[in-house]
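Trainee: I've got a new model open and I'd like to talk it through with you. Can we go over it piece by piece?

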Amino acid sequence: MKILIVGNGGREHAIAWKLSHSPQVQQIFCTPGNGGTATLQKCQNIPIPVEDFSALKQLIADQNISLVVVGPEIPLALGITDYLQQPNLKIFGPTKAGAILEASKSWAKDFMAEANIPTAKSATFTNAETAKAYIKEVPIVVKADGLAAGKGVTVATTIEMAHHAIDAIFQGELELDTQSVVIEEFLTGQEVSVLALTDGLTIRPLLPAQDHKQVGEGDTGLNTGGMGAYAPTPIITPELMTRIQQEVLEPTLTNLQKRGIDYRGIVYAGLMISPQGEPKVLEFNCRFGDPETQPILSLLETPLEELLLACCEQRLAELPPINWKPGVAVCVVLASGGYPEVYEKGKVISGIEKAEAIGGTVFHAGTKLQEQQLVTAGGRVLGVTAIGSDFSEARTKVYNAVDSIEFDQMYYRRDIGDRVFGSVY
């Protein structure tokens, strides 16, 4: 089997890493890939941008590729699955009609209301002044309607802060292709990520994870694409997972079917679990999460290509239960100094071999090979992941591995997973 993975982040490296372990997989192509996929066994980087659909189609034909796995949301929202569809090619990732679940928060809100899926009360506005007039009390959540790489959300604790967030969206400061804003009630509790596989007929959750979106320790500061994650999160009990299956995942699939959307890929439900244990959907994503994918796939025992192909071929119901390694996995993101705002690239990275020798698995996100040297090439640079029999062991292992790695202005949070030990921010 030859597989194409579209994307260049830590999620794509983790997918390639997992697939490379299978004897069924002959070769993996990553477009454009990163410094990690460049040196991965069975893997080859091809410098094609994720939006260059015609070049990707030619690569598929030239290399006789049989499975495409789309990592990021942007090509999915642009319709890569629709464009590439052809006989004998399996594509893991929803069509443009399905990807709108993530691409438009207002569409997703209407969808949830129609399906009676629990979510925060909200209103959508296409005019800044009308949006400002709606806000009477804080805290409140202001969201850009379109794709924002995890950074288009502001939890406003003052009216002035909410107004500034609205202006930033409508005046183009976030460089987003949207003229619409969603304003939501502020929910308290803990955020959880439930990623589920679906073939359009059946939907099965993977291990529940929690990530840390804010850049600062204690969950403070600006939102990022994610500074670390762990799985499985103990906040999701078997009883609560059953509720999420029945109240969120099944109604989502049913409503997609009702709307005539053939959805084959990941449905990612970002949930808020209230102090009373009630789940509400904060957002949907249409792809594997990053960095949640790193700890989830680190624990996966079932061959990944079996799950992906079952989704593409609409036979997910026929598969036996998904097998998982015992224990827990923790991922810590190493970022460039200044991220998520201004940061420098091209910093030489050292110590990865040592980190992996002592039990860490290092997934590359923003890296590239430059004259045979590994250098930084993005805001989130590496995702260091470790497995332990419990959270204490996994955290000790992952931070020992992190301490082995160096690059100029390296920044990371030292409190990934603190919530598990009772710290409440």
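Mentor: Sure. Before we start, a cut-off: a residue is buried when its relative accessible area is under 20%, and exposed when it is over 50%. Keep in mind too that this is a predicted model.

Trainee: Got it. So is Y399 buried or exposed, and at what relative accessible area?

Mentor: Y399 belongs to helix α13, residues 391–402. The cut-off for buried is under 20%. Y399 makes that cut, so call it buried, with a relative accessible area of 7%.

Trainee: And Y412, what does it count as?

Mentor: Y412 is in the segment after β23 (410–411). Its relative accessibility is 16%, and the limit is under 20%. So Y412 counts as buried.

Trainee: How many aromatic pairs does the structure hold?

Mentor: Let's just take the total here and pick out examples afterwards. The number of aromatic pairs in the structure is 8.

Trainee: What kind of pair do W17 and F363 make?

Mentor: Their ring centres are 5.1 Å apart and the planes stand at 80°. Planes over 60 degrees apart get one particular label. So the W17 and F363 pair is edge-to-face.

Trainee: How many residues apart are W17 and F363 in the chain?

Mentor: Both W17 and F363 are buried. W17 sits in helix α1 (residues 10–20) and F363 in strand β19 (residues 361–364), so to speak distant parts of the chain. The separation is 346 residues.

Trainee: Back to the tyrosines, then. What kind of pair are Y399 and Y412?

Mentor: The centres of these rings lie 6.3 Å apart, with planes at 35°. Stacked needs under 30 degrees and edge-to-face needs over 60. That leaves Y399 and Y412 in between, so the pair is tilted.

Trainee: Let's move to α2. Which residues of this helix are buried?

Mentor: Helix α2 covers residues 53–63. On its other side A61 and D62 are exposed. The buried residues are F53, L56, L59 and I60.

Trainee: Within what arc do the buried residues of α2 fall?

Mentor: What covers them includes β1 (2–7), β2 (27–32), β4 (67–70), α3 (73–77) and α4 (80–84). Look down the axis of α2 and the buried residues line one face of the helix, because they fall within an arc of 120°.

Trainee: Now R287. Which residue's side chain is joined to the side chain of R287 by a polar contact?

Mentor: R287 is in the loop between β17 (279–285) and α10 (293–299), and it is buried, with a relative accessible area of 11%. Its contacts include R11, G71, P72 and E73. The polar contact is 2.7 Å, and the partner is E102.

Trainee: Which ring does the charged end of R287 sit over?

Mentor: One residue that R287 touches is the one you want. The charged end of R287 is 5.9 Å from the ring centre, and the ring is that of Y268.

Trainee: P291 is in that loop too. What is the omega of the peptide bond from D290 to P291?

Mentor: P291 is found between β17 and α10. The bond from D290 to P291 is cis, with omega near 25°.

Trainee: Last one: what is the phi of N88 near?

Mentor: N88 lies in the loop between α4 and β5 (90–92). N88 is exposed, with a relative accessible area of 72%. Its phi is positive, in a residue other than glycine, and near 70°.

Definitions and conventions. Residues are numbered from 1 along each chain as its sequence is written. Side-chain values use heavy atoms; hydrogens and water are left out. Helices (H or I, at least four residues) and strands (E, at least two) are DSSP runs, numbered from the N terminus. Buried means under 20% relative accessible area, exposed over 50%, partly exposed in between (1.4 Å probe, protein chains only). A polar contact is a pair of N or O atoms within 3.5 Å; within protein, one must be able to donate a hydrogen and the other to accept it, and residues adjacent in sequence count only if both atoms are side-chain atoms. Contact means heavy atoms within 4.5 Å. The arc is that of the directions from the helix axis to the C-beta atoms. Rings of Phe, Tyr and Trp (its six-membered ring) pair if their centres lie within 6.5 Å; planes under 30 degrees apart count as stacked, over 60 as edge-to-face and the rest as tilted. A charge sits over a ring if NZ of Lys or CZ of Arg is within 6 Å of the ring centre and within 35 degrees of the ring normal. Lists of a residue's contacts leave out its neighbours within four places in sequence.
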